[in-house]
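Work through the exercises below with the sequence and the structure side by side. Try each task before reading its solution.

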Amino acid sequence: MSIAETDPVTTAPLDVVELRHKRRDSALTQLAAAAERIGAVHEPGVLVAALQHSEQLGCSALGRGFAVPHVRSVAVHRPLLLLGRSTRGIEWGAADGQPVHLVAAVLTPSAASARTHVDRVTAVAHAIRLQRTRLRLLEAGATAASALFRELMA
Amino acid sequence: MNAAERVLALCDLDLLLELARESELSGKLGRAGFALAGVSALERERARVLHGLDRRWANTYERCLGRYGRGVTLVRERVCQGCFVTLPTCAAPPFGEAELHLCESCGRLLYWR
């Protein structure tokens, strides 16, 4: 039995992270560390492994320079969205071969249903599907990007 | 990787596999551009993690997964999140240490955080 339900994606906490690394696994580690700092994750090592397994299941880079890594994990104790930005670009293994500049990570607690998680992931992927939207998110300051992302998700 | 981390990794792998095997949800992800092609690789990874786990915990995990649909259950503020019974103070691990236990009420495999 599971009676816990996660917040809708529009009200989940959101944080903007400037990604320094060039490799996907390093970027995932940085995102997990940011999630732990915010207090949404207890075991960042377990979260990194879960994110890597999720990438093994299917690459989260959707092409044209953006990726939506997502995981439903026991390491996550409250839902969180992380917006990662990289000016240099990250080698993510996208089908189109382009480096990733914008990463929107969706972290969902294990108590939430798989359907809730998929709804959150597709909502995020839909929100940043337009190139002009992604450019605005990349060029804005951290606070403005956070506000813009919230506006897109509403 | 200690036993607790292995059990958590196993649980996360099962959550991923549950998502990939649900045709409606994987179809929805597929339409959004996520190709879930690595199910067999994840199954191999699951077998590898399970093989590395102590037999006692591996058997308990599989039993809980079969019975409750979830191999491991979290404990928050001494409450088992499976049966919602408050566990005795003496059952808690030393402060700052995460440990695996069995719930005295429902028998679920518990992870204290």
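Two residues are in contact if their C-beta atoms, placed from the backbone, lie within 7 Å. The model is predicted: local features need pLDDT of at least 70 and side-chain atom pairs count only at pLDDT 80 or more, while totals for chains, interfaces and linings use all residues. Residues are numbered from 1 along each chain as its sequence is written, and chains are lettered from A and ligands numbered from 1 in the order in which they are written.

**Exercise 1.** Find the residues in contact with A:Ala35, leaving aside its neighbours within four places in sequence.

Solution. Step 1: within chain A, the contacts of A:Ala35 are A:Ala40, A:Val41, A:Leu47, A:Leu80, A:Leu82 and A:Leu107.
Step 2: place A:Ala35 in the largest nonpolar core, where a core is a set of buried Ala, Val, Leu, Ile, Met, Phe, Trp, Tyr and Cys residues joined through C-beta atoms within 7 Å. Buried means that 20 or more other C-beta atoms lie within 10 Å of the residue's own, placed from the backbone; exposed means 12 or fewer, and partly exposed is in between. This core has 76 residues, and those touching the most other members are A:Ala35, A:Leu47, A:Ala104, B:Val7 and B:Leu8.
Step 3: α1(B) gives the largest share of the core, eleven residues. In soluble globular proteins, nonpolar side chains tend to be buried together.

**Exercise 2.** Compare the length of helix α2 (residues 44-57) of chain A with its expected span, and decide how enclosed the helix is.

Solution. Step 1: helices (H or I, at least four residues) and strands (E, at least two) are DSSP runs, numbered from the N terminus.
Step 2: the expected span is 1.5 Å times one less than the number of residues. For the 14 residues of α2(A) this gives 20 Å, and the end C-alpha atoms are 20 Å apart, which agrees.
Step 3: ten of the 14 residues are buried, so α2(A) is largely enclosed by the rest of the structure. Among them are A:Leu47, A:His53 and A:Glu55.
Step 4: the cover over these buried residues includes α1 (24-38) and β4 (70-73) of chain A, together with α1 and α3 of chain B.

**Exercise 3.** Describe the side of chain B that touches chain A.

Solution. Step 1: 29 residues of chain B are in contact with 24 residues of chain A.
Step 2: α1 (3-21), α2 (23-31) and α3 (39-51) of chain B each give two or more residues to this side. The largest share, eleven residues, comes from α1(B).
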